[in-house]
Amino acid sequence: MVWLSVVVFDRTWQPAGLDAALKNLLLSGKMASNVEAPERWYLALLGFAEHFRTSSPPKIRLCVHCLQAVFQFKPPQRIEARTHLQLGSVLYHHTKNSDLARSHLEKAWYISQQVPQFEDVKFEAASILSELFCQQNLVDSAKPLLRKAIQISQQTPYWHCRLLFQLAQLHTLEKDLVSACDLLGVGAEYARVVGSEYTRALFLLSKGMLLLMERKLGEVHPLLTLCGTIVENWQGNPIQKESLRVFFLVLQVTHYLDAGQVKSVKPCLKQLQQCIQTISTLHDDEILPSNPADLFHWLPKEHMCVLVYLVTVMHSMQAGYLEKAQKYTDKALMQLEKLKMLDCSPILSTFQVILLEHIIMCRLVTGHKATALQEISQVCQLCQQSPRLFTNHAAQLHTLLGLYCISVNCMDNAEAQFTTALRLTTHQELWTYIVTNLASVYIREGNRHQELYSLLERINPDHNFPVSSHCLRAAAFYIRGLLSFFQGRYNEAKRFLRETLKMSNAEDLNRLTACSLVLLGHIFYVLGNHRESNNMVVPAMQLASKIPDMSVQLWSSALLKDLNKALGNNIDAHEAAQMHQNFSQQLLQDHIAACSLPEHNLISWTDGPPPVQIQAQNGPTTSLASLL
């Protein structure tokens, strides 16, 4: 499913800590034997503070006391400003006292502007203070602060680039992608002027990612072409070079997947997988770049590894290689659990949610609804911990609940979930996917003609289809074929389904191929053309077994039973009947297990944040009657 393929933009850097201040003073030639008296006590207090901060476990209260003691000595402005920054940083990162942290950071920002050549303290104070403002939902305070810092940092390449990245990220979180793209363009040109092709590539790739999110494909292609040239020509740190290549290839792969081109993406995906293997064999180079504008990296290589697993899962899911999707999901989630023990980066939770969203869809296809429901509940719990995560994934969450409702034949709830998801999304691919599934609900209900035709007009694959996705357009043809079949217009149904087959075969969309083949087989069976029906149903069964798709296997085995019976093949008919019975039993047991879970009550949730507690119910309230 391409609508889950947005990759979160992230950069990491190392802010100057307490130890950095101590080292800076020592390296500046002010050793203990030569320092002025005020700086001796400062170094002593700073040393104690750093000792307490790095203790295991950290002794933050004692660290803060040591730093606060500095002010008792009426220190000069440089020491006063740096101490306010250190206190603000410690309080921000290690306590919940955000008001006191803000007070110290504001003082550090104000005082440092009065001290010449004090860029590190000045701009780090602005950077952390703007982060704190965002945490307190004071975005309108963060933006002017960052703009002023950017304006006065042009002679300091590292900080100018870092602050541009930070403001661009802030605009991205606010969904103001135009402003973010403009800032990234400014950053790319600045990096070029100061001779940093590496950071220029980071800015351009980040801009390319946002242009993909905006669906400005006409601007994306020349930008990615330029990025590819810069990445290949840049000669520098091998890990930095390979990380640029990973960023570039991730954008290419997600671009193909957004377009539903599962077969066409394979060469890029293979390059990406080879690239991450190369990175895993390289050792981090501790030598700092000579150009301060190069002091950035996109993601730690451990995060990149999870990201490559993620896009591989996305490809496997869309292609219908569900066992492969399961394998890579398991690997990625295992690695994520290890990383989250040491790293609280929000991007890890985003990766986890996207992986779960994909594996939930796999479970629903392979007939593991109870497990899928528990994983939906897990996504709810992750979203409860992060309002931003819920905002970004609420529509997907309701879409997954809608798919679950279809699988347990709760059509009214499915309609409510899809309607909620449509209200929450502005993403065109996701919107089209939801509408396609909602149309299938109306078809199965059989009495929603006006609503159904209204939806089908908006996803007409023959005329003005709303997105460029090959996969979604093929699915729209299938929905048309399904409707024509239910209405008894078999020749029209065959036309739509053959178009689906043509498109799905072109890009190896295995699940759509299996669904189209079994429906065509059903049409030929109804028309009395048993031989042609058999020619469709047998490969449908083989493909469905390979995926494996339980619903298509159930459908195919029922048709094979009737076909072989009609053709007088009693042994084959008995074998197909036995298969049908086995699939029915598996699905029935899973159906009962899912509907008996307390999480089943999530199907009634259509407003607000996910419910904190889910009450158990007495037993299943739905039937298995309409699985086909």
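Here is a short chat between a visitor and a guide about the model shown above.

Visitor: What kind of model is this, and how are residues numbered?

Guide: It's a predicted model, where local features need pLDDT of at least 70, side-chain atom pairs count only at pLDDT 80 or more, and totals for chains, interfaces and linings use all residues. Residues are numbered from 1 along each chain as its sequence is written, and side-chain values use heavy atoms, with hydrogens and water left out.

Visitor: How many helices and strands does the protein chain have?

Guide: 27 helices and 0 strands. Both are DSSP runs, numbered from the N terminus: helices are H or I with at least four residues, strands are E with at least two. The C-alpha atoms fill a box of roughly 105 × 55 × 45 Å along the principal axes, and 55% of the 628 residues count as buried.

Visitor: What makes Phe-165 and Phe-296 an edge-to-face pair?

Guide: Start with the search of the whole structure, which finds 13 aromatic pairs. In Phe-165 and Phe-296, the ring centres are 5.6 Å apart and the planes are at 65°. Rings of Phe, Tyr and Trp (its six-membered ring) pair if their centres lie within 6.5 Å; planes under 30 degrees apart count as stacked, over 60 as edge-to-face and the rest as tilted. So 5.6 Å makes it a pair and 65° makes it edge-to-face. The partners are 131 residues apart: Phe-165 is in helix H8 (residues 157-173), and Phe-296 is in the loop between helix H13 (266-281) and helix H14 (301-319). Both are buried.

Visitor: And why is the pair of Phe-390 and Trp-605 called tilted?

Guide: Their centres are 6.3 Å apart with 35° between the planes, so the pair passes the distance limit but the angle is neither stacked nor edge-to-face, which leaves tilted. Phe-390 is in helix H18 (residues 387-407) and Trp-605 in the segment after helix H27 (570-596), 215 residues apart.

Visitor: How do you know that Phe-390 is buried?

Guide: Its relative accessibility is 16%. Buried means under 20% relative accessible area, exposed over 50%, partly exposed in between (1.4 Å probe, protein chains only). At 16%, Phe-390 is therefore buried, and so is Trp-605, with 7%.

Visitor: Which residues form an aromatic cluster with Phe-165 and Phe-296?

Guide: Phe-123, Tyr-158, Trp-159 and Phe-203 join those two in one cluster.

Visitor: What makes Arg-495 a charge over the ring of Phe-496?

Guide: Its charged end is 4.4 Å from the ring centre. The rule asks for NZ of Lys or CZ of Arg within 6 Å of the ring centre and within 35 degrees of the ring normal. So 4.4 Å meets the distance part, and Arg-495 is listed as sitting over the ring.

Visitor: Why is Glu-197 called partly exposed?

Guide: Its relative accessible area is 28%, so Glu-197 falls between the buried and exposed limits. Glu-197 is found in helix H10 (residues 197-213). Leaving aside neighbours within four places in sequence, Glu-197 is in contact (heavy atoms within 4.5 Å) with Arg-192, Ile-230 and Trp-234. The C-alpha atoms of Glu-197 and Trp-234 are separated by 6.9 Å, with their positions 37 residues apart along the chain.

Visitor: Are Asp-590 and Lys-369 buried or exposed?

Guide: Buried: Asp-590 has 11% relative accessibility, so it counts as buried, and Lys-369 does too at 2%. Asp-590 is in helix H27, while Lys-369 is found in helix H17 (residues 369-385). Asp-590 touches Lys-369, and its other contacts include Gly-367 and His-368.
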